[in-house]
Amino acid sequence: MALANKDSRILIVGGGGTIGSSTALHLARRGYKDVRLLDIFQNPSLNSAGNDNNKMAGDDSAGIWGQLGTEAWKIWTTDPVFKDHAHNTGRLDLTSKPEREERLRTRYQGIVDEGRGAGIEWVEGKEQIVARAPHLAHADLTGWKGLFVKNGGWVAARNALNSVGHELRRLGVKSSFGSSGTFKDLILGSDGKTVKGIRTVDATEWYCDLVVFAAGAWSPALLDLEGQCETKGWGYAHLRLTPEEAKKLKGMATTYNHELGFIMEPEEGTLELKIVNEFAGYTHLQKVRPFGLKKDVLMSVPRAHAIHPTDTITTESLEAIKNLIKLWLPDLVDRPLFKTAMCWCTDTVDMNWLMCEHPKYKGLVVATGDSGQTFKMFPVVGKQVADLIEGTLPEERKNLWRWRPGAGDNGTARGGEKAKDLSEVEGWRNDPVVVRSKL
Ligand code: FAD
């Protein structure tokens, strides 16, 4: 059954971010006339996990995620809104650990069994890897093996978010940002169950027929999701290349190693090489009261770099990033790091989205649980939400992304160790900025 029609008033909380703006794009393209984005920041939202130079992307999975990945990469490389931002450099997904190798082999076999083997290769050992990634010629690749994905590489994330933002404005999608776009609570009808609108932090009341709740890593702290999502942060840093170094790395395959982290070609027009270390992520436990709960709970909430620009990343993340540079790009080992920041996602236990009607509130669709891998799906994630709204989302997908309480992430969804809390680790500083007046 459809949850809205083309004349319905639809509010998208988190509309400046990845899932929210993708949803707005699909609704607007389908002719929905009254869609409004609500967010703290204008698109491309400074808080969005997608507001970043670049992200890995590509057609690299089997099953439903494979269908989505294939469709997403096709749109990334053909749709005028996206295609200037996609770079088909190829993507390596490597490991030296047996558990991860098993996962990668299963994925490889799944893709081959679906008849899509031409787009993927199994690579093993230095010779095969360096043939696809000459930038690793001086790296220690002992025991490394995994996938080389031909239809993929990286996408210029912030630019893509910006491009969608422009398109939304062109299509007449409305927006409210700042205090009048910042969700505080739901306005319910007299039955206490039907959503009538949203109240923002400055007490603005927005009335509507349907709310799409896509507040990313903030979602579980704003709305009771019954423990299905756990928010975590990861650190990243950049180093500045010389024009000659950038030229040498031009077109390099995106390189991911599950134990170490990842790098990809610098975004066009910049000489900034981004490095992310891979691990279980950090929680940031705080007392909060999500809408729908009657008392405060201890829960991990983001501490956004856009709002706290003096925050640093932890010493262990910094060391892991330096180690990755030492192992992969030894010539750059002494290069200073800059633009270090934390980025926040919210994981489900099985890394599948939480995308469904909220069982307690009529007129509320939840679209979150990005699990750190949703940017590559930017062109198609909103299509799933739009299909859900129109009642055409296939049963199999509905089931995969259903409301599933009790399945909260125990911190090991990514096959790693349990996440530490930021309060337990060193180097993460959030000193206030002291402005000294001239005396
Ligand atoms: P976001 O894009 O973060 O959007 C959430 C929005 O909600 C924000 O705009 C925020 O301002 C808004 N919001 C918050 N509170 C409120 C409120 N009270 N009222 C209104 N709005 C609010 N994915 C990939 O596919 N490939 C990668 O290579 C990749 N690399 C990553 C690297 C790092 C370091 C990190 C942290 C993530 C990475 N990801 C990657 C994951 C990807 O960025 C996320 O999965 C995706 O961007 C999440 O989308 P989202 O819409 O759920 O959240």
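These are my notebook entries on the ligand shell, a small sheet and a helix pair in a predicted model.

Entry 1, the ligand. I looked up what surrounds the ligand and found 39 residues around it, of which Gly14, Gly17, Ser45, Gly216 and Cys343 come nearest. Sorting the shell by class, I noted 19 nonpolar, 16 polar and 4 charged residues. Helix 1 (18-29), strand 3 (55-58), strand 14 (230-240) and strand 21 (337-347) each supply at least two residues of this shell, and the largest share, 3 residues, comes from helix 1.

Entry 2, the sheet with strand 3. I followed strand 3 into an open sheet of 3 strands, ordered 3-8-4, in which the pairing is antiparallel. Strand 3 and strand 4 (86-87) stand at the edges with a single partner strand each, so one side of each is left without a neighbour in the sheet. Between strand 4 and strand 8 (residues 152-155) I found antiparallel pairing over 2 bridges, with Ala86 opposite Val155 of strand 8. Helix 2 (residues 63-78) lies across strand 3, strand 4 and strand 8, and runs at about 110° to strand 3.

Entry 3, helix 1 again. I then checked how helix 1 packs against helix 9 (residues 378-390), and noted an angle of about 65° with the axes 7 Å apart; the two helices are therefore roughly perpendicular to each other. The crossing of helix 1 past helix 9 is right-handed. On the helix 1 side I listed contact residues including Thr18, Ser22, Leu25 and His26, and on the helix 9 side Phe378, Val381 and Lys383 are among them. The residues of this contact divide into 9 nonpolar, 5 polar and 1 charged.

How values were computed: Residues are numbered from 1 along each chain as its sequence is written. This is a predicted model: local features need pLDDT of at least 70, side-chain atom pairs count only at pLDDT 80 or more; totals for chains, interfaces and linings use all residues. A residue is near a molecule or strand if its C-beta atom, placed from the backbone, lies within 6 Å of it. Helices (H or I, at least four residues) and strands (E, at least two) are DSSP runs, numbered from the N terminus. Ala, Val, Leu, Ile, Met, Phe, Trp, Tyr, Cys and Pro count as nonpolar, Asp, Glu, Lys and Arg as charged, and the others, Gly among them, as polar. Two strands pair if DSSP finds at least two bridges between them. Two residues are in contact if their C-beta atoms, placed from the backbone, lie within 7 Å. Axes are lines fitted to C-alpha atoms, for helices over the stretch in contact, and angles run from 0 to 180 degrees between N-to-C directions. Angles under 35 degrees count as roughly parallel, over 145 as roughly antiparallel, 65 to 115 as roughly perpendicular and the rest as oblique. A crossing is left-handed if the near helix is turned anticlockwise from the far one by less than a right angle, and right-handed if clockwise.
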